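This briefing is intended for a reader who has the sequence and the coordinates at hand. It takes up internal space, helix packing and backbone geometry in turn.

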Amino acid sequence: MPPGVDWLPVAEAQARLRAALSPLKGTEEVATGEALGRVLAADAFARRSNPPRANAAVDGFGFAHESAAEELPLAEGRAAAGQPFAGALPKGQAVKILTGAILPEGVDTVILQEESHVTGARVRFDRIPKRGANTRMAGEDMAEGALALPKGRRLTPADLALASALGIARLAVRPRLRVGVLSTGDEIIASPDLPALPHQIWDANRPMLLALAQGWAAEAVDLRHAPDDPAAIAAALDRGARECDLILTSGGASAGDEDHVSRLLTEQGELTAWRIAMKPGRPLALACWQGVPVIGLPGNPVAALVCALIFARPAASLIAGAGWREPLAFTVPAAFGKSKRPGRREYLRARLNADGAAEVFESEGSGRISGLSWAEGLVELPDGAVEVAPGTPVRYLPFAHFQ
Ligand code: AMP
Ligand code: MG
């Protein structure tokens, strides 16, 4: 690390960012089927028990356990899902019952079809099961009035199933987070549809960051590309402040001659943090533009992605109302060796091999975008010194969790 500069540890930068942000206000109601990825603004309670009534867990025959016998007369009719048995089952009889059918009055136990033999109007059983066998109790999954999904929860596909099963047709959610993405740099050409001269490069960060924001179930707002010109960057930030709740910029975040993003944010944007002791991605600007938080990511696509995952994603989650969420990490054996010096945290492009050990990309070169694409996660090496040899436990952060 260059001496004479105060490098901010990752955890400290995260803590400052977290303290500076607050969740979006406001609530709207959406249909449960349309609530994927939205953040609950209020606790959601079960409108009805699940299951609403005791029912059969298998296809078979139902009877009252107290009158169970090796052979029982078979009642006429049957109980099927959606087609309940008419009336109560007479004492000492069995009835054909199918999975999901509510238990008729007089039935508390079900025996599997495969363990039963029907002859004429009688059914014989291989064995007599325990009372309550093969049945599901009313409310055994969740009772009416119980807390189904807590405020602040970001809704998953399974949550939509739970809410629907409990009769919750509409959910109170926070407004959808809007994340603006702006690229900066004189060398950047906005799209690979356009020609690029040898000194120009196509914008790799914007499609990546817009896609990431979509993965967070945010509305991704394309703020396009601005050259290294303070007026152009300011105009793009102005638009971002009008249309977004969080702005991600990339490029220009260092302290060089052409690093206009950091200069602008220092002069007009209440810059809150600065050089982060991490690799990749030391220059990182955390600021506020007209009341809207701005995270100035490094231009380098590898660093931009890592900083987006470590800083922008938890920040986006907090603003969306779902709270600051640390990335999920597993401890796995390393499939590589590395001697790491103290002073900064390092994130290596990694993926798990067939043995569940983390292998890392052949190069740590920060310009190797192909390594980002190769990787399925990151290995996080702590701020202090570490000696990693094959088999050493390391922290692995799967990309899948960042969605
Ligand atoms: P900067 O942070 O502006 O100094 O940029 C660091 C490096 O990242 C330079 O090599 C830039 O050309 C490159 N870079 C900046 N923005 C982008 C972008 N949007 N897509 C691809 N590379 C970029
Ligand atoms: Mg630049």
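The points below are grouped by topic.

The structure is a predicted model. A search of the whole structure finds one cavity of 30 Å³ or more, and its lining draws on both domain 1 and domain 2. Three helix pairs are described, namely α3 with α6, α1 with α6, and α4 with α5. Cis peptide bonds precede P51 and P280, and N134 has a positive phi.

**Internal cavity**

- The largest cavity has a volume of about 160 Å³.
- Its lining consists of 17 residues, and those nearest the centre of the cavity are G37, V39, R154, W216 and A320.
- Sorted by class, the lining of this cavity comprises nine nonpolar, two polar and six charged residues.
- At least three of the lining residues come from domain 1 (10–24 + 176–320), and at least three come from domain 2 (28–50 + 142–173).

**Helix packing**

- Two packed helices are described by the angle between their axes and the distance between the axes.
- Helix α3 (residues 205–215) and helix α6 (residues 301–320) have axes that come within 10 Å and cross at roughly 20 degrees. Angles under 35 degrees count as roughly parallel, and α3 and α6 are therefore roughly parallel to each other. The crossing of α3 past α6 is right-handed.
- Helix α1 (residues 10–20) also packs with α6, at an angle of about 25 degrees and with the axes 10 Å apart. By the cut-off of 35 degrees, α1 and α6 are therefore roughly parallel to each other. Their crossing is right-handed.
- Helix α4 (residues 230–243) and helix α5 (residues 260–268) have axes that come within 10 Å and cross at roughly 65 degrees. The range of 65 to 115 degrees counts as roughly perpendicular, so α4 and α5 are described as roughly perpendicular to each other. The crossing of α4 and α5 is right-handed.

**Backbone geometry**

- Most residues other than glycine have a negative phi, and most peptide bonds are trans.
- The peptide bond joining N50 and P51 is cis, with omega at about -10 degrees. P51 is located in the loop between β2 (44–45) and β3 (55–56).
- A cis peptide bond also joins K279 and P280, where omega is about -5 degrees. The loop that holds P280 runs between β18 (278–279) and β19 (285–289).
- N134, a residue other than glycine, has a positive phi, near 60 degrees. Its place is the loop between β9 (122–125) and β10 (135–136).

Notes. Residues numbered from 1 in each chain as written. Chains lettered and ligands numbered in written order. Predicted model: local features only at pLDDT ≥ 70, side-chain atom pairs only at ≥ 80, totals over all residues. Heavy atoms only, no water. 1 Å grid on protein atoms, 1.4 Å probe; cavity = no way out; pocket = protein on both sides within 12 Å on 5 of 7 lines; lining within 4 Å. Points joined across faces, edges and corners; volume = space filled by probe spheres on them. Nonpolar A, V, L, I, M, F, W, Y, C, P; charged D, E, K, R; others polar. Domains from an automatic or database assignment. Axes fitted to C-alpha atoms, helices over the stretch in contact; angles between N-to-C directions. Helix = DSSP H or I, 4+ residues; strand = E, 2+ residues; numbered from the N terminus. Parallel < 35°, antiparallel > 145°, perpendicular 65-115°, else oblique. Left-handed = near helix turned anticlockwise from the far one by under 90°.
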